[in-house]
Amino acid sequence: MKDITAPTVEVLRDDILRHLTFTMGKDADHASVYDWRMALSFALRDRIVEPWFAATRQTWEQGRKRVYYLSMEFLIGRVLEDAAINLGLRATCRDAMTSLGVDFRAVVEDEPDAALGNGGLGRLAACYMESMATLGCAGYGYGIRYEHGLFRQRFEGGRQVETPEDWLNQRHPWEFERPEAAYEIGFKGTVEKRDGKSVWVPGETVLAEAFDMPVIGWKGKWANTLRLWSAKPTTLFDLARFNHGDYAAAAEPEALARTLSRVLYPDDTTYQGKELRLKQEYFLTAAALHDIIRRHVSGGYALKDLPDHVAIQMNDTHPAIAGPELVRILVDLNGMSFDEAIEITVKCLGYTNHTLLPEALERWATYLMGSVLPRHMQIIEQIDAWHLKMNPTRPHYVGVVKHHEVRMGELAFVTAHKVNGVSALHSALIKQNLFPELNKLHPGRIINQTNGVTPRRWLRMANPALSKLITETIGGGWESDLDRLRALEPHVEDPGFRTDFAAAKRQNKDALAAWILQTQGIKVDPAAIFDVQVKRIHEYKRQLLNILQTIAEWHEMRSNPQADYQPRVKIFGGKAAPGYQTAKEIIRLINDVAKVVNADPLIGDRLKIVYPENYNVSMAERLIPAADLSEQISTAGKEASGTGNMKFALNGALTIGTLDGANVEIREEVGAENFFLFGLTASEVMARRQDPEHARHAILASQTLQDVLQMIAEGRFNPEEPERYHGLVHNMWHSDYFLVASDFEAYRSAQAQVDQAFADPDRWWRMAALNTARMGFFSSDRAIRGYMADIWETESAL
């Protein structure tokens, strides 16, 4: 494909004014920041459409195999600046807006984050979509167009309170509505036998309507499509009921349909919540598969040739119903035999596993599955029987249906030709611990594809100061070939380069300190260590370990205020699932401790705790470039990979972490001497749990931890309700499944090593610069090349 022609500042300025007038209906004198943002967005979108159409035409003309990436989340963040960078137009956009008397940064920051995801799973999907476009891998992403996303987090008295996200209250300029691409999706009902064939007669139906977003790759050479489904009623409005005065009932079909695409991950602690989540997963998957089949057939291809033209990747177990649904489409709707249908299905599907936590591997009660998707329940049992028949020598057969549950992890495994983990350790543990019997039955099916992040967003866009230094030092081109960062290594020995590297970090820290003061009302010292842990709040990620060590540090400072301490700013960010009470208690504890520590005159600027509300992609883009220390402290054997760990290290933050997930590979790449390691290994964790008294023994071995737990138990940080955290303290003494106590002293020791290293600037900046220089492996471009070669069997169109 030909390169796009970059417009001049004058041409782009004229396009912005044209959209301001004719799209937004405003003149320059009366335009708001919103109006200017929309006009600029439409002007950029115009320049994305041409390569988007060209990529689509080329894919059709060359009969290219397409990749279809099914994910419940796509955490894309803001689009405007990302699109401008990939088009090579950020400077042009800035100059055009300046010529119009408009602040480009204000316009960029006016854009709301698209509320389409929660954490690492969704951000990985967004990085992969961008890398697929950069590499010319023809494909679609399929997700749900959530009206309210996960939730907007705010704190009341330190407690997390969930309110709806409102990103769609404004027009979304990057999408194209496709009312012609709509499919009827059924639920419930009965299965009838007609002429010897099974026919599903749904009891409920909704329409899945498509909204398309073009995803532009680096330098605008290729664009793919993110297609998001919105649920609409098949019967829009019951006029008869309305005319009889039953106004609420008249609108019921629309309300029930919209429920499907309102909220990501609705609370599933009730039966109704479980039913809604299963419906959401089927809604996404069924709409995507119908769309895939329609596109395949319209290309003139036979269904038996589907694997030659279609690769479908299931991002975790949420779309695992794809196997039964594809079999249903092939058998029930197209008359294919079950044996041929399941063979085609397995060849088309790939499954990415993202968790070793049993509770995160979805299991649905057979009653629920049979009620919501009765035909699929039959097909799942048929798949289970087929798999059993195909493996008669099984020593201990692991069924898909067991103990009145449908096990979606096993279903995804059985119906996929490749199953991949997302770090080397994780993939090994999938074989050993998660699916050991299935691995024996299907040797070679489980492979590894270590996660990656896109350097365009997470370095070039998020960290202009460091990006400028890199380009001045080694030249351009690293944005699409991140291995080129290795060329920085010889320069790390140059004191001048290290000074410039430290200056770039300080520029980011100054900006973050100003933002913290403006938004949180907390004054922090940019010369302090910016110590950051931002991720979903979960016991295995061990934010509790972090805050317990912070309390210990505070207590030590108070006990010996004249000693020389390395100042720290502890920054937390992340949301807890609405029904996850322990995680919400940890959030409240962090906020309670912050309230006391930040107001302590004995401590002053030596220790501050900051926990901004509603962590999202845009906040990550502020925090990560300014971080000195990256907290990756999960219990070994629990984190599949992580991608935050990669973003921090790429931006020159040093990692304090366990041998968990991709930490293992990061440490290997950057060098053990440039990584603060602590804690039990995965095998040691399993061994330690064999001792039922491990928690008590670990606490009794640490007077510091005893003191910390005693302070919490006495209500030192919440005197108005001293018993508030008795449950957390009791759990620490009597359970501590995630081994916070066992790793506490090792963590404290590692933090002391951090202080020593930071006190030696020459050593610290050498370590930090080497982290950046050695992170090339963790590009999402490398990861996508692996998927293309090892799973999807497709090639670049560029």
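Student: How are helices α6 and α34 oriented to each other in this predicted model?

Tutor: Let's start from the axes of α6 (residues 120-135) and α34 (residues 780-792), which come within 9 Å and cross at roughly 80°. Angles of 65 to 115 degrees fall in one class. The crossing angle sits in that range, so the two helices are roughly perpendicular.

Student: Which residues of α6 make the contact with α34, and what kinds of residues are in that contact?

Tutor: On the α34 side you'll find S780, D781, A783, I784, R785, Y787, M788 and W792. The α6 side brings C127, Y128, S131, M132, T134 and L135. Sort the residues of this contact by kind and you get nine nonpolar, three polar and two charged.

Student: W792 caught my eye. Which residues touch the most other members of the largest nonpolar core, and which helix gives the most to this core?

Tutor: That core has 142 residues, and W792 is one of those touching the most other members, along with I16, I185, W229, F283 and M369. Now for the helix: the top contributor spans residues 271-298 and gives 11 residues. Its name is α10.

Student: What does I185 touch, leaving aside neighbours within four places in sequence?

Tutor: I185 is another residue on that list of members touching the most others. Part of its contact set is E204, T205, V206 and A208. The rest are Y282, F283, A286, A287 and H290.

Student: Is D268 buried, partly exposed or exposed?

Tutor: First find D268 in the loop between α9 (252-259) and α10. Buried means under 20% relative accessible area and exposed means over 50%. D268 has 27%, so the verdict is partly exposed.

Student: Which residue's side chain forms a polar contact with the side chain of D268, and at what distance?

Tutor: Skip the residues up to four places away in sequence, and D268 touches G273, K274 and R277. Among these, R277 is joined to D268 side chain to side chain by a polar contact of 3.3 Å.

Student: How far apart are the C-alpha atoms of D268 and G579?

Tutor: Along the chain, these two are 311 residues apart. In space, their C-alpha atoms are separated by 8.1 Å.

Student: And E147, buried or exposed?

Tutor: E147 is in the loop between β2 (139-144) and β3 (152-156). Beyond four places in sequence, E147 touches E165, W167, L168, R258, S261 and R262. The cut-off for buried is under 20%. With a relative accessible area of 17%, E147 is therefore buried.

Notes
Residues numbered from 1 in each chain as written. Predicted model: local features only at pLDDT ≥ 70, side-chain atom pairs only at ≥ 80, totals over all residues. Heavy atoms only, no water. Core = buried A, V, L, I, M, F, W, Y, C linked by side-chain atoms within 4.5 Å. Buried < 20%, exposed > 50% of the residue type's maximum accessible area, 1.4 Å probe, protein only. Helix = DSSP H or I, 4+ residues; strand = E, 2+ residues; numbered from the N terminus. Contact = heavy atoms within 4.5 Å. Polar contact = N/O pair within 3.5 Å; in protein donor to acceptor, adjacent residues only side chain to side chain. Axes fitted to C-alpha atoms, helices over the stretch in contact; angles between N-to-C directions. Parallel < 35°, antiparallel > 145°, perpendicular 65-115°, else oblique. Nonpolar A, V, L, I, M, F, W, Y, C, P; charged D, E, K, R; others polar.
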